[in-house]
Amino acid sequence: MTERWRKRLGDLDKVGPDEQVFHRAAAGPQLPNESIPLPSRGSRVVGGVAAFVVFALAISVFVIPALRMDQTAGAPGEALLPLWPARTLDEAERFQQNADDAGEWYELVDPSRTASRFATDVMGWSPDRLRVSERAGSDQPGLATSYPSGNATAVAYYGVPSGYPTGYSTGYPSTGSLSPFRTFVLSPTCGPTERCVYVAETEVTVFQPIREGDGGVWMVLEARSDGSTLSVGEGMTLTDGDEIAAGFGIPEGAHVNFGYHVGSGACGVTVTTDTFRSPADPSRFILVSGGSGLTVTLDDVRSDPDCVSPQPGYIFSSMAYEPYAGDVLTDTGKGLMISVSAVPVAFAWDEAAPPSNVEPTFTSPAPAPAAWKTWIDTLGWTIDVPAGWQEAEIATQGRVSTVGGAFAPKDTPIPDGEPTAPSEPGQIIVYVLHREGGSYEPPADDSSFPLSCDLLIQPGADQGTVFRGDGLPFEFSYAVGDDRPTAQQREIACHMLESIRFQPWAEGDVRNGLMATIPRDVLIPKIQFAQPTEGVLDGTWVTDAGLPYFVALPIDHCEAAGRGESSWETDGQVLTISCADGTSARFARDGTPAEGNPQEWTDPLPSGEAIVSWNGWVLTPVKG
Amino acid sequence: MDGSHDYDAIWRESGATLWRAVYAYSGGRQEVADDSVAEAFARAMTRGADVRDPLAYLFRIALRVASAELVRTKQETGTMPETTALTGDPSMNGLPDLLRAMKELSPAQRASVYLHYHADLPVRRIAHLTGMSSAAVKVHLVRGRRRLRELLGEEDDA
């Protein structure tokens, strides 16, 4: 007996291809190569795609030299320049005046409105698809920058949360007044039954450039989107020949844009890369890792009489589903942006310019990494590794087996087997490992990424932390040959830890004995099921008060018993399986069979808690 | 023999199934199915013996072209375009209703449902042809089947 819906599929036989479709093929491909990726051998396209340049993320050290003023000011203690909506203090003054007069920009006196306007005006997000939330602790005053006199440098940290390792705060005390910095998270919203395009969660840091306190307009200082990293820290000074880079997690079909803008006011030069389109597999949602690089060239700026060194500017990157290459902060009509990242920097040229990449204030045995590469582990996670380092795959067998990677400078031998401290002072080895076969670890949700350097707690001879990804536990550790790691070694380890990423889960993905069944936020607060699928997931799960839970059903439970097709329902506490022949069986949430069940269903069903993947999918165990 | 594949034979044997799978995938857009299948064959023929599994290659390329077109069209118009008009043609009786129901499924669900429940391809074969995992195909089948039941009915017409 064939169900109606299945018979109706036969209606598709009423249409079919014309012979001309095949004959057209003789004319050859009509679409450009980059729009049609070739089928990959594996099920993932990860990093280093041939159609895109491999990445080398040039990362600055944490020490940030002072941001130079624009040409209208030069004395120490002057305020920072905003990125948006104003670029100079004069422009900011006009916005402030407009707000004071209760004009159209009055809303900027509310920092959350500034953040919100950034999402709508710069990123093209719809206001009814936008959630703005303030990052906890961001309303605490941070250190203000101050401007150097002579060769002194200052360090700026924005919204430094309490508990941040003070060992990283190298620099001079602020000589300027405290300026509050607040950070807001811009998140897209998507209803549980909607199918929405992916856009990246974005953080914007805002501050009051003209007047602090009530009535002072807030402006964006910096923006950073998920999956989009810039190699340059805020406030760095760049000059000719400096290499800058951006790294991306690129969704299917997205176009990448990266560049820099020099100047403000009458002086303004923008340089961008050509737009690049992701070759990601469009049949599944995959973020392709890639990056772009530029060499700072200031010839056009130098020849512009309106541009006098030094000049403020910014580095920016963006992604969009349509081709776009331009200054993402000022261009209008760009359409929907998947991500926007921008940081303020300074550009300098001529003999009076300060050196770029100011020397670190701490001593280190080796120069800071100027470029990074990506290690892709067999378990699918990736990590940034300094470009000049070696990588070693770790795989040990025994009662406890260990898999993962070890990373160290080329002059540091990496011993086989378990993590070992280097033998020589100044050396460092970083380990990321997964172990199996040791003491039982109950299932737990994945960690949130990026991991925080706060996990590497107090400085010591050996540093480490644990995290979870793709349902598995991992250890991150680094060992040094000295008694204590240097600040640079800590920074390298910190960067590597923060760079760890796992591949996104999508519906139906199976990894490590787990299957992604339903998004976690669809789950709550409703009671949901995932219907069993033959042979792979023989599980149905029930939620109660937000706790993902699974109860594993026998494969084709009714069909296998010759009772026809299966269906099931639950009230959250009792699971009822009904067969086409009219029989039924009931089970409690913990898998306990009810009395009176047919004979084949008198054994308890496996059950337990499901876990949640790092990107919000409920993962339930699968067979085989 | 230079190792090239007989694409004439592949077209005769599997062209209609491929085309209808893309047609279903695109929610009933004939022009998308035509363009995608033509492009897939064109690329396969260009690559000659480099293609090891021509049918899988054809399916994957065709579905990717179709997917790109669906995304592009949706971005331009903000909505999925209407199904190629079939109403008014008595020979198409029932097909518009089917396509309207199919549009409630995701593209991957549509293709999986068609290939498994009508073209009678096993799950593993569908996974191989489309580049999805078997598990993903199974989930698409379950959800697609459930939705079509709701929309088109479960009872046997007979």
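**Helices, a hairpin and aromatic pairs in a predicted model**

The secondary structure of chain B consists of 7 helices and 0 strands, and along the sequence these elements follow the pattern α-α-α-α-α-α-α. The structure described here is a predicted model, with an ipTM of 0.84 and a pTM of 0.38. Of the 158 residues in chain B, 59% are buried. Where contacts in chain B between residues at least 6 apart in sequence are considered, 65% of them join residues at least 24 apart.

The confidence of the prediction varies along chain B, which averages a pLDDT of 79, with 80% of the residues scoring at least 70. In this chain, confidence is highest in helix α1 (residues 7-25) of chain B, at a mean of 93, and lowest in helix α7 (residues 134-152) of chain B, at 76. As a general caution, predicted coordinates should not be read in detail where pLDDT is low.

In chain A, helix α3 (residues 89-100) comprises 12 residues and spans 16 Å from its first C-alpha to its last, which is close to the 16 Å expected at 1.5 Å a residue. Within this helix, L89(A), A92(A), F95(A), Q96(A) and A99(A) are buried. These residues lie on the same side of α3(A), because they cover an arc of only 115° around the axis. The partner against which the buried residues of α3(A) pack is β4 (219-225) of chain A. After the helix comes A102(A), whose phi is positive, near 60°.

Further along chain A, strand β14 (residues 372-376) and strand β15 (residues 382-386) run antiparallel and are joined by 5 bridges. Within this pairing, K373(A) of β14(A) is placed opposite V385(A) in β15(A). The hairpin formed by the two strands has 5 residues between them, and in it G380(A) adopts a positive phi near 100°.

Aromatic contacts were examined over all chains, and a search of the whole structure finds 18 aromatic pairs. One of these is formed by W5(A) and Y117(B), whose rings are arranged edge-to-face, with 5.0 Å centre to centre and 85° between the planes. This pair joins two chains, because W5(A) lies in helix α1 (residues 4-8) of chain A, whereas Y117(B) lies in helix α5 (residues 107-118) of chain B. Both partners fall under the 20% limit for buried residues: W5(A) counts as buried because its relative accessibility is 2%, and Y117(B) likewise counts as buried, at 10% relative accessibility.

A further edge-to-face pair is formed by F449(A) and F467(A), with a distance of 6.2 Å centre to centre and an angle of 90° between the planes. Distant parts of the chain are linked by this pair, since F449(A) belongs to the loop between β18 (428-436) and β19 (462-469) of chain A, while F467(A) is in strand β19 of chain A, the two being 18 residues apart. F449(A) counts as buried at 17% relative accessibility, and F467(A) counts as buried at 2%. Beyond their own pairing, F449(A) and F467(A) belong to one aromatic cluster, which also includes W381(A), F474(A), F502(A) and W614(A).

Conventions:
Residues numbered from 1 in each chain as written. Chains lettered and ligands numbered in written order. Predicted model: local features only at pLDDT ≥ 70, side-chain atom pairs only at ≥ 80, totals over all residues. Heavy atoms only, no water. Helix = DSSP H or I, 4+ residues; strand = E, 2+ residues; numbered from the N terminus. Expected span 1.5 Å × (residues − 1). Buried < 20%, exposed > 50% of the residue type's maximum accessible area, 1.4 Å probe, protein only. Arc of directions from axis to C-beta. Contact = heavy atoms within 4.5 Å. pLDDT = per-residue confidence, 0-100. Pairing = 2+ DSSP bridges. Phe/Tyr/Trp six-rings, centres within 6.5 Å; stacked < 30°, edge-to-face > 60°.
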